[in-house]
Amino acid sequence: VYGAARAFAALLENGQVVTWGDPERGGKSLVLRNVQQLQATLEAFAAVLADGSVVAWGNRDFGGDSSWVQDQLWNVQQVEATGGAFAAIRGDGSVVTWGNGFRGANSSEIQDQLRNV
């Protein structure tokens with residue numbers, strides 16, 4: 001079970017994720033399948049699916065909206081989180097970040113150094 005400030009998400013043995021709590025902060029009624037990994041910020045969640053894609057939900061200011069980097073979220077091996085941002089490590093060793101820029105999402109200045117992670 002993973003916790004955000006006002007919601008929970010459970011990663012079941014069969015790869016399903018079930019959420020509950022404040023709907024605006026990641027607890028909306030959501031069932032995902034084929035989940036390999038789950039992470040949480042203070043008000044959002046991100047799940048890595050078996051096909052290497054990522055699904056994020058919750059408060060957009062805390063990483064719950066990955067739409068502006070969704071085209072880069074492929075072949076993801078792992079996701080890590082701060083209080084308000086996510087970092088996805090892809091199979092090629094590159095890193096994709098999203099969420100609140102003041103909480104770690106703005107990696108633009110060092111993106112060229114984020115290779116072979």
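Okay, one term before anything else: a nonpolar core is a set of buried Ala, Val, Leu, Ile, Met, Phe, Trp, Tyr and Cys residues joined through side-chain atoms within 4.5 Å. Keep that in mind, and also that what you see here is a predicted model.

So, the overall picture. We've got ten strands and zero helices in this protein. If you walk along the sequence, the pattern just reads β-β-β-β-β-β-β-β-β-β. How compact is the protein? Its radius of gyration is 13 Å, close to the 13 Å from the globule rule for 117 residues, so it's as compact as a globular protein of that length. And if you lay the C-alpha trace along its principal axes, you get a span of about 40 × 30 × 20 Å.

Now the inside and the outside. Of the 117 residues, 48% count as buried. On the outside, the protein exposes about 6200 Å², and 47% of that comes from carbon and sulfur atoms. As for charge, there are 8 positive and 12 negative side chains, with the centres of the two sets 4 Å apart.

Back to cores, then. In soluble globular proteins, nonpolar side chains tend to be buried together. In this model, the largest nonpolar core has 14 residues, and the ones touching the most other members are A46, V54, L73, V76, V79 and W98. Which strands feed that core? At least two residues each come from β6 (44-49), β7 (54-58), β8 (76-81), β9 (85-90) and β10 (95-99). The largest share is from β6, with three residues. Then there's another core, apart from that one, with 13 residues, including A7, V35, L38 and A47.

Let's zoom in on one residue, A9. You'll find A9 in strand β2, which covers residues 7-11. Is A9 buried or exposed? The cut-off for buried is under 20% relative accessible area, and A9 comes in at 0%, so A9 is buried. What is A9 in contact with, if we skip the neighbours within four places in sequence? The list is V1, Y2, V17, V18, T19, W20, L38 and F45. One of those, L38, we've already met as a member of the 13-residue core.

For a sense of distance, take A9 and E109: they sit 100 residues apart in sequence, and C-alpha to C-alpha they are 33 Å apart in space.

Last one, on contacts across the whole protein. Counting contacts with a separation of 6 or more, 31% are between residues 24 or more positions apart.

That's my tour, thanks.

Notes: Residues numbered from 1 in each chain as written. Predicted model: local features only at pLDDT ≥ 70, side-chain atom pairs only at ≥ 80, totals over all residues. Heavy atoms only, no water. Buried < 20%, exposed > 50% of the residue type's maximum accessible area, 1.4 Å probe, protein only. Helix = DSSP H or I, 4+ residues; strand = E, 2+ residues; numbered from the N terminus. Contact = heavy atoms within 4.5 Å. Rg over C-alpha atoms; globule rule 2.2 N^0.38 Å. Areas by Shrake-Rupley, 256 points an atom, 1.4 Å probe, with all protein chains shown as cover. Lys, Arg positive; Asp, Glu negative; His and termini not counted. Charge placed at Lys NZ, Arg CZ, Asp CG, Glu CD.
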